[in-house]
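User: I'm new to this structure and would like a close look at one strand and what surrounds it. Could you walk me through it?

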Amino acid sequence: PRAPAALVLYSYEGNQFCRLVREVLCELDLPYELRSVGKGSRRRAAMAAETGGSTQCPRLVDRSTGRSIEESAAIVSYLAETYAARAV
């Protein structure tokens with residue numbers, strides 16, 4: 001069995017900010033778990049339970065550092081600062 005990815009991205013289709021984060025994750029060649037949490041879905045309620053009540057997307061959870069980050073710009077900055085050097 002495969003070990004779970006350290007990065008978890010809460011996202012939904014059709015959102016430009018979520019797409020941006022997915023593209024950066026791919027550019028950096030980082031494995032991640034995608035949790036699709038479309039508006040109105042039951043998975044969105046599960047997300048709120050797991051994240052302390054927030055349903056804002058995109059949200060990145062980094063299990064290796066314990067960080068949970070909202071807002072695409074903040075996520076992209078975090079990924080660049082934390083993982084870009086490893087991807088080179």
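Analyst: Let's start from one residue pair and work outwards, keeping in mind that this is a predicted model. In strand S3, the bridge partner of Leu7 is Asp62. That pair belongs to a set of four bridges joining strand S1 to S3 (residues 59–62), and the two strands run antiparallel.

S1 itself covers residues 7–11, and five of its five residues are buried. What about its two faces? Leu7, Leu9 and Ser11 sit on one side, Val8 and Tyr10 on the other, and all of them are buried, so to speak of either face is to speak of a covered one. This split fits a general pattern: in a regular strand the side chains alternate between the two faces of the sheet.

S1 also has a parallel partner, strand S2 (residues 32–36), with five bridges between them. In that pairing, Leu9 has Leu34 as its bridge partner in S2. To get from S1 to S2 the chain passes through helix H1 (residues 16–27), and this β-α-β crossover is right-handed.

Now for what packs around the strand. Helix H2 (residues 42–50) has Arg44, Met47 and Ala48 buried. Those three span an arc of only 100° around the axis, which puts them on the same side of H2. The buried residues of H2 pack against S1 and S3, while Arg42, Arg43, Ala45 and Ala49, on the other side of the helix, are exposed. Just after H2 comes Gly52, with a positive phi near 80°.

Leu7 turns up again in the largest nonpolar core, which has 13 residues; Leu7, Leu25, Leu30, Leu60 and Leu79 are the ones with the most contacts inside it. S1, H1 and helix H3 (72–87) are the elements that each give two or more residues to this core, and H3 gives the most, with four. Leaving aside neighbours within four places in sequence, Leu79 touches Leu7, Val24, Leu25, Leu28, Leu30, Leu60 and Ala84. Apart from this core lies another, of seven residues, and Val8 and Tyr10 are among them, along with Cys18 and Cys57. In general, nonpolar side chains tend to be buried together in soluble globular proteins.

One last stop, away from the strand: there is one aromatic pair. The rings of Tyr78 and Tyr83 have centres 6.4 Å apart and planes at 80°, so the pair counts as edge-to-face. Both Tyr78 and Tyr83 are buried.

Methods. Residues are numbered from 1 along each chain as its sequence is written. This is a predicted model: local features need pLDDT of at least 70, side-chain atom pairs count only at pLDDT 80 or more; totals for chains, interfaces and linings use all residues. Side-chain values use heavy atoms; hydrogens and water are left out. Buried means under 20% relative accessible area, exposed over 50%, partly exposed in between (1.4 Å probe, protein chains only). Two strands pair if DSSP finds at least two bridges between them. A crossover is right-handed if, with the strands pointing away from the viewer, the path from the first strand over the helix to the second runs clockwise. Rings of Phe, Tyr and Trp (its six-membered ring) pair if their centres lie within 6.5 Å; planes under 30 degrees apart count as stacked, over 60 as edge-to-face and the rest as tilted. The arc is that of the directions from the helix axis to the C-beta atoms. Contact means heavy atoms within 4.5 Å. A nonpolar core is a set of buried Ala, Val, Leu, Ile, Met, Phe, Trp, Tyr and Cys residues joined through side-chain atoms within 4.5 Å.
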